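Biologist: I would like to learn how to read sheets and helix packing from a set of coordinates. Could you take me through the features one at a time?

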Amino acid sequence: MSEKVLMCGNGAIGEGAIQAGCRHYFGYPITPQNELTAYMAERLGELGGVFIQSESELAAINMVFGASAAGARAMTSSSSPGISLKQEGISYIAGAELPCVIVNVMRAGPGLGDITPSQADYFQAVKGGGHGDYRLITIGPASVQELYDWTARAFYLADKYRNPVMILGDGFLGQMMEPLEIRKIKEPKLPEKTWALTGAKDRKANIIRTLMLKVGELEEHNKKIQNKYKRMEKELIEYEAVLTDDAEIILVAYGTCARVCKESVFLLRKEGIKAGLIRPITLWPYPSAIIRKISNNVRYVLTVEMSAGQMVEDVKLAVLGRCPVHFYGRMGGGVPTSEEIVKKVKKLEAHRPEDDQPLAGRHKGTKRKE
Amino acid sequence: MKRIFGRPRSMTNKPFHYCPGCGHGIVHRLIGEVIDELGIQDKTIGVPPVGCAVVMYHYFNVDMTEAAHGRTPAVATGIKRVHPDKVVFTYQGDGDLAAIGTGEIIHAANRGERLTTIFVNNTVYGMTGGQMAPTTLISQKTTTTPLGRDARLIGYPIKISEMLAVTDGTIYIERVAVNKPANIIKAKKAIKKAFQVQLEDRGFSMVEVLSQCPVNLAMTPQKAAEWIDNTLTKTYPLGVIKDKSGD
């Protein structure tokens, strides 16, 4: 029987990690994710796990590197400025193909910014962030339950693909409380981590490295991890589609913004505007195919983010000019309201198609709503 | 025929890539001998640095992982906390430990991590071609101090071992050298003791090894070895800096 509790998002992430068998957590205080660090300190204390409040984010991510190299399920969490500090380690972890979970409870930037929610680290999470050609499996949950479920699943995915997974939340999701069902997490059994550092007893020494000096070796390694990324693109994509079947316009949003957009869709429908929503859950790999497919049948796409417009680039790449892609965003801690989004859609509805720039290869013209 | 001398069993047969007269090969061998003597080859995990010794893992039959520059003690902390029953050591140069990784080493030491650190101080960045290290001596010429290190502009040779000795997490810190046989014998004793401190679960232990880098000191190997005795030990005196192992 699973237990139902009222919990904040940060705590749910922590419990998801615990349920997945994570017993090694390394972190450094930063708002708005401090509840998570405190939760791990308490739970790992109870369970005899390892909790270290590190001296810096650099140290925390490198402790994760070490713990993961030693074969453990390890996690660190932070918020935007702290995640910037972790980028070096993330690049090494991705290069060394070590599994781990990294949580970013995003706050507004740039710089020290503010502790208010934001989605302005999207580029950093899905396009790289650190140096070199690598990818993070990036998950954008939208509720306390999803934070729990996906954090637990993230450890499985990390181990399965030997790749870091990022849970990309925001200050809103981290702080808000919702009912949470603490359900048992069942994942398929994975092979033993024969590559882990456990002492070279009755076997050859295991070496974990990213330095590859032999001519061609590093290129081969890059090809290998790129092939892994291609596999992930085939196997991992998840999204939620809301009222998309008969939709004439589509909103695209993730996380907190997707929840706001869902309400906007219902408000628009009440006013006779057939709106739908695509909510990417995996932000990398990105659900491009579904967005591409739907873009053939709608007049336009509106992307909504708590940023100056980052994910909108991936939407445009998915749509490839099949229909116009518009953007509405708030920055610096601003959160779009459902009314603002409705207003934006109405403005777009009143927009004259002849104002649009001609688009090559468009399947349909923009029909003006009478 | 009875074999009386050979490569330590915990080491591979791969020839060292180090420059002629470099001290790294000696330090590696001492570590190999200590691992053999303590019988811990199958429970030792090493974390080499970024720097000349980055490919140290080629020379040992011991599990090892690379670490980002200076983050070596943090990576080692992660490993040791997963495997408290294993012996985890870091091998770090003066750039890795005393410049970019000062935060990590100070806090690993202060937490009393059950780690052993072999800190090789040769006063220069070797791999990148002889730049100033935090341990470069006053007036010492390097590619980035072409007129000699000027304390007014860039400060003083850092005494990181003495700094670490004041933290309560450290049990044993000794400074040794590998420039002549008498010092090499002492160095081995110190390295062995540092590993023993970890085996006894006492706390953090470190051996600072003054080592010669003839190429970047622009000296012959012999002159570089003499320079350690005549010059380097004036700033970095040899001997036990802290020993609470008997307490």
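Modeller: Let us begin with pairing: two strands pair if DSSP finds at least two bridges between them. Please keep in mind that this is a predicted model. In the present case, A:I207 has B:M64 as its bridge partner in strand 2 of chain B, and strand 9 of chain A pairs with strand 2 of chain B in the parallel sense over two bridges.

Biologist: Which order do the strands follow in the open sheet of eight strands?

Modeller: The general idea is that strands of a sheet pair through backbone hydrogen bonds, either parallel or antiparallel. Here the order is 9(A)-2(B)-1(B)-3(B)-4(B)-8(B)-7(B)-9(B), and the pairing is mixed. At the edges lie strand 9 (207-208) of chain A and strand 9 (239-243) of chain B, each of which pairs on one side only.

Biologist: How many bridges join strand 1 of chain B to strand 2 of chain B, and how many does strand 1 of chain B form with strand 3 of chain B?

Modeller: Strand 1 of chain B runs parallel to strand 2 (residues 63-65) of chain B and is joined to it by two bridges, with B:D63 of strand 2 serving as the bridge partner of B:I45. With strand 3 (residues 87-93) of chain B, strand 1 of chain B pairs in the parallel sense over four bridges, and there B:T44 has B:V87 as its partner. Continuing along the sheet, strand 3 of chain B pairs with strand 4 (residues 116-121) of chain B, again in the parallel sense, over five bridges; B:G93 is matched with B:V120 of strand 4.

Biologist: Are the residues on the two faces of strand 1 of chain B buried or exposed?

Modeller: Both faces of strand 1 (residues 44-47) of chain B are covered, since B:T44 and B:G46 on one side and B:I45 and B:V47 on the other are all buried. Helix 1 (residues 24-38) of chain B lies across strand 1, strand 4 and strand 8 (204-210) of chain B, and it runs at about 160° to strand 4 of chain B.

Biologist: Which element of chain A gives the most residues to the side that touches chain B?

Modeller: The contact takes 32 residues from chain A and 30 residues from chain B. On the side of chain A, the elements giving two or more residues are helix 3 (57-69), helix 4 (80-95) and strand 9, and helix 3 of chain A gives the most, with nine residues. By class, that side of chain A has 18 nonpolar, ten polar and four charged residues.

Biologist: How should I read helix packing, and at what angle do helix 10 of chain A and helix 11 of chain A cross?

Modeller: Two packed helices are described by the angle between their axes and the distance between the axes. The axes of helix 10 (residues 288-295) of chain A and helix 11 (residues 311-319) of chain A come within 8 Å and cross at roughly 60°, and these two helices are therefore oblique to each other. The crossing of helix 10 of chain A past helix 11 of chain A is right-handed. Helix 10 of chain A contributes A:S288, A:I291, A:R292 and A:S295 to the contact, while helix 11 of chain A contributes A:V315, A:L317, A:A318 and A:V319; these residues divide into five nonpolar, two polar and one charged.

Technical notes. Residues are numbered from 1 along each chain as its sequence is written. Chains are lettered from A and ligands numbered from 1 in the order in which they are written. This is a predicted model: local features need pLDDT of at least 70, side-chain atom pairs count only at pLDDT 80 or more; totals for chains, interfaces and linings use all residues. Axes are lines fitted to C-alpha atoms, for helices over the stretch in contact, and angles run from 0 to 180 degrees between N-to-C directions. Angles under 35 degrees count as roughly parallel, over 145 as roughly antiparallel, 65 to 115 as roughly perpendicular and the rest as oblique. A crossing is left-handed if the near helix is turned anticlockwise from the far one by less than a right angle, and right-handed if clockwise. Two residues are in contact if their C-beta atoms, placed from the backbone, lie within 7 Å. Ala, Val, Leu, Ile, Met, Phe, Trp, Tyr, Cys and Pro count as nonpolar, Asp, Glu, Lys and Arg as charged, and the others, Gly among them, as polar. A residue is buried if 20 or more other C-beta atoms lie within 10 Å of its own, exposed if 12 or fewer, and partly exposed in between; C-beta atoms are placed from the backbone.
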